[in-house]
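The following paragraphs introduce a structure to a reader who has not met it before. Please look over the sequence and the model before reading on.

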Amino acid sequence: MLRRLPVYLALALLTVSCADSKDEPAAAVDEDATAAMDAVKAATDELDDAADAGAGVNLDNGKALFATCTACHGASGEGNMALNAPGIAGQSESYLKRQLWEFKNGERGAHAGDIAGAQMKPMADALVDGQAVTDVAAYVASLAPTVPPTTVDGDAANGEKLYNSKCGACHGGRAWGNEALYTPRLTMLGDAYIVRQVTNFREGMRGSGDDAVYGKQMASMAKVVSDQELSDIVAFVNELAAGE
Ligand code: HEC
Ligand code: HEC
């Protein structure tokens, strides 16, 4: 609720500025409206959670915070399949921030049955504020993506066709993600993790909440692949990762 407040304020500002500038030249109205729209956009941006903390990104702080993460995600953020922890190094900063907030606000990791998510939730909760989230996300995003071990068997050639027709438009031809479409990079995650997340989306453990604007897109996509198709797709993603 509190996080929404700036949006309402900005919308109020937009309404007021439109009403106020009725008698002014059109250009001025446009300027006011543009400024207010920019304010709305900024307020809806997760970055704003950091701006609330009053400072820019502090990579040194991010590095210090990352020390706790290495226990599960590995010294280089490469992930640890045995602990169900995905590779996070080199993931998009905005996606990392969004996920950390979703764990914090219970959108992710709070559903009965989401055992792996439940392990991550307290770690996100321990990041005290928007500044901590922003700093650690920026640091993790700055690390080089790694190549995960292969654990799922599948037909990569069939997976390539499936990936290109069902996933590539949003996650990119090389599965590097697309910041403009809010999609994460897939190559360093780890195949078993990808399978689990698509299953989580399909079963409503992710992407089903009212606020899960981006998760909802993925939740509908998760329903268009069978388990076998998913194995083939991750086999292809493994090939992409190995070829990097
Ligand atoms: C106790 C082990 C553990 C620790 C410590 C831990 N994590 Fe995690 N993390 C996990 C697990 C397990 C998952 C997978 C959750 C799932 O399957 O939904 C995860 C998932 C994530 C995700 C979601 C990745 C994605 O691709 O969506 C992010 C981001 C993340 N962790 C960041 C961090 C950061 C940053 C820290 C340190 C502040 C941290 N984790 C500490 C276990 C841990
Ligand atoms: C319409 C666009 C779209 C398509 C098509 C799409 N995705 Fe996604 N996907 C997303 C978005 C957006 C997210 C981020 C959701 C969030 O922020 O919670 C996502 C998230 C994911 C995640 C979670 C990654 C992580 O780090 O936890 C996986 C795995 C994934 N997609 C796999 C796939 C696969 C496999 C396909 C093809 C069957 C596919 N996606 C097709 C939009 C799409």
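Which of the 22 residues around ligand 2 come nearest? In this predicted model, they are C167, C170, Y214, G215 and M218.

The surroundings of ligand 2 may next be described by element. Three helices each supply at least two residues of its shell: α9, spanning 168-171, α10, spanning 191-202, and α11, spanning 213-222. The largest share belongs to α11, which contributes five residues. By class, the shell around ligand 2 comprises 14 nonpolar, six polar and two charged residues.

Ligand 1 can be approached in the same order. There are 25 residues around ligand 1, and those that come nearest are C69, C72, A116, M120 and M123. Two or more residues of this shell are given by each of α4 (59-73), α5 (93-104), α6 (115-125) and α7 (130-142). Among these contributors, α4 gives the most, with six residues. The shell around ligand 1 divides into 18 nonpolar, six polar and one charged residues.

The protein chain as a whole provides the setting for both ligands. It has 12 helices and zero strands, so that, by the definition of these elements, the pattern read along the sequence is an unbroken run of α. Of the 244 residues in the protein chain, 36% are buried. Among contacts in the protein chain with a separation of 6 or more, 70% are accounted for by residues 24 or more positions apart.

Terms used:
Residues numbered from 1 in each chain as written. Chains lettered and ligands numbered in written order. Predicted model: local features only at pLDDT ≥ 70, side-chain atom pairs only at ≥ 80, totals over all residues. Near = placed C-beta within 6 Å. Helix = DSSP H or I, 4+ residues; strand = E, 2+ residues; numbered from the N terminus. Nonpolar A, V, L, I, M, F, W, Y, C, P; charged D, E, K, R; others polar. Buried ≥ 20, exposed ≤ 12 C-beta atoms within 10 Å, placed from the backbone. Contact = placed C-beta atoms within 7 Å.
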